[in-house]
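This report covers the salt bridges of one protein model and the surroundings of one of its helices. The sequence and structure come first.

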Amino acid sequence: MRIAILSRNPKLYSTRRLVEAGEERGHKVDVIDTMHCYMDITSNNPSVRYRGKKLPFYDAVIPRIGASVTFYGTSVVRQFEMMGTYSINESVAISRSRDKLRSLQLLSRKGIGMPRTGFAYHPDKIDDLIKNVGGAPVVIKLLEGTQGIGVVLADTHKAAESIIEAFMGLNASILVQEYIKEAGGCDIRCFVVGGKVIAAMKRQAAPGEFRSNLHRGGSASLTRLSPAERKTAVDAAKTMGLNCCGVDILRSNHGPVVMEVNSSPGLEGIENATGKNIAGMVFEFIEKSARPNNTKTKGKG
């Protein structure tokens with residue numbers, strides 16, 4: 001098969017591993033910078049052009065789209081879908097997962113465990129917003145933050161009020177969530193492909209830090225999932241409509257709770273922690289699934 005990886009940096013570990021895994025399985029793999037694509041939006045004949053040339057037909061695309069370029073990146077994915085190319089993650093599902101508020105609303109509707117969460121643009125009663133999620137300490141998150149950036153732990157009610165007022169003074173959209181103290185600065189990254197958890201790792205925050213992101217100095221190790229954790233991860237991926245994703249779970253006193261569903265999960269940490277060929281498993285799924293127009297929305301969403 002001819003497969004395109006939509007990535008802005010061919011030197012990134014995840015991109016390199018996907019290229020290696022695809023070529024090892026006999027596929028022709030091209031890395032295409034999403035932001036250098038431009039679309040020919042013609043009636044009944046959509047196409048994608050790249051560096052002055054029309055791109056050939058690809059059997060499948062693997063979107064590796066950063067949060068900062070979600071709008072344009074998903075537009076490119078949608079164009080491929082309209083051309084009949086199979087995308088491992090559809091444009092609608094990527095957009096859905098990138099909207100933190102929409103994600104939580106969808107998870108809530110499906111009854112999937114998650115921290116108590118409040119959202120408001122400009123509440124008259126900040127005090128009530130904090131109390132409604134269980135009171136301090138609370139976690140305050142920027143709606144557009146990634147890799148732990150824009151996530152603040154407020155230890156006291158007064159600190160929470162001050163931080164919320166500061167963010168609102170900048171017209172920033174925020175979420176206020178209960179702090180899962182019993183997690184001990186640790187979360188579980190479940191790597192889901194094709195409705196199955198193919199690997200899982202425990203991420204432990206660095207000393208003095210509550211965010212367990214590896215970009216924030218956290219460490220990763222192999223972990224064993226409970227049946228409830230495995231089901232939660234699979235249900236979260238299904239709710240988002242993602243075939244390939246990372247589901248971040250906290251172990252709380254009331255069971256597993258989902259913190260985030262990541263549509264472009266990194267491979268380095270989980271491959272090193274588990275010793276598994278995750279990139280190869282991604283291609284194995286594509287080989288089984290990639291057929292022309294085999295997407296739910298076909299670019300209509």
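At 59% relative accessibility, Lys288 counts as exposed. The structure is a predicted model, and every value here is computed from it. The partner of Lys288 is Glu284, with which Lys288 forms a salt bridge whose closest N and O atoms are 3.8 Å apart. Glu284 is partly exposed, with a relative accessible area of 35%. Both residues lie in helix 9 (residues 278–289), 4 residues apart, about one turn of the helix. An α-helix has 3.6 residues a turn, so residues three or four places apart point the same way.

A search of the whole structure finds 14 salt bridges. The table lists three of them, including the pair already described.

| Salt bridge | Closest N and O atoms |
|---|---|
| Arg189 and Asp248 | 2.5 Å |
| Lys231 and Asp235 | 2.6 Å |
| Glu284 and Lys288 | 3.8 Å |

Lys231 and Asp235 also sit within one helix: both belong to helix 7, 4 residues apart, about one turn of the helix. Lys231 is exposed, with a relative accessible area of 54%, and Asp235 is partly exposed at 24%.

Where do Arg189 and Asp248 lie? Arg189 is in strand 12 (residues 186–193) and Asp248 in strand 15 (residues 244–252), so their salt bridge ties together parts that are 59 residues apart in sequence. Arg189 has a relative accessibility of 6% and therefore counts as buried, the cut-off being under 20%. Asp248 is buried as well, with a relative accessible area of 4%. Salt bridges that share partners join Arg189 and Asp248 with Asp187 and Arg203 into one network.

The other topic is helix 4, which spans residues 100–109. Its buried residues are Lys100, Leu101, Ser103, Leu104, Leu106 and Leu107. What covers these buried residues includes two helices, helix 3 (91–98) and helix 7 (227–240). The cover also includes strand 8 (117–120), strand 9 (138–142), strand 11 (174–178) and strand 16 (255–262). Helix 7 thus appears twice in this report, as part of the cover of helix 4 and as the site of Lys231 and Asp235.

Both ends of helix 4 have a local feature to note. At its start, a side-chain oxygen of Asp99 reaches to within 3.2 Å of the backbone nitrogen of Leu101, and Leu101 is one of the buried residues of the helix. Just after helix 4, Gly111 takes a positive phi of about 75°.

Definitions and conventions:
Residues are numbered from 1 along each chain as its sequence is written. This is a predicted model: local features need pLDDT of at least 70, side-chain atom pairs count only at pLDDT 80 or more; totals for chains, interfaces and linings use all residues. Side-chain values use heavy atoms; hydrogens and water are left out. Buried means under 20% relative accessible area, exposed over 50%, partly exposed in between (1.4 Å probe, protein chains only). Contact means heavy atoms within 4.5 Å. A polar contact is a pair of N or O atoms within 3.5 Å; within protein, one must be able to donate a hydrogen and the other to accept it, and residues adjacent in sequence count only if both atoms are side-chain atoms. A salt bridge is a side-chain nitrogen of Lys or Arg within 4 Å of a carboxyl oxygen of Asp or Glu.
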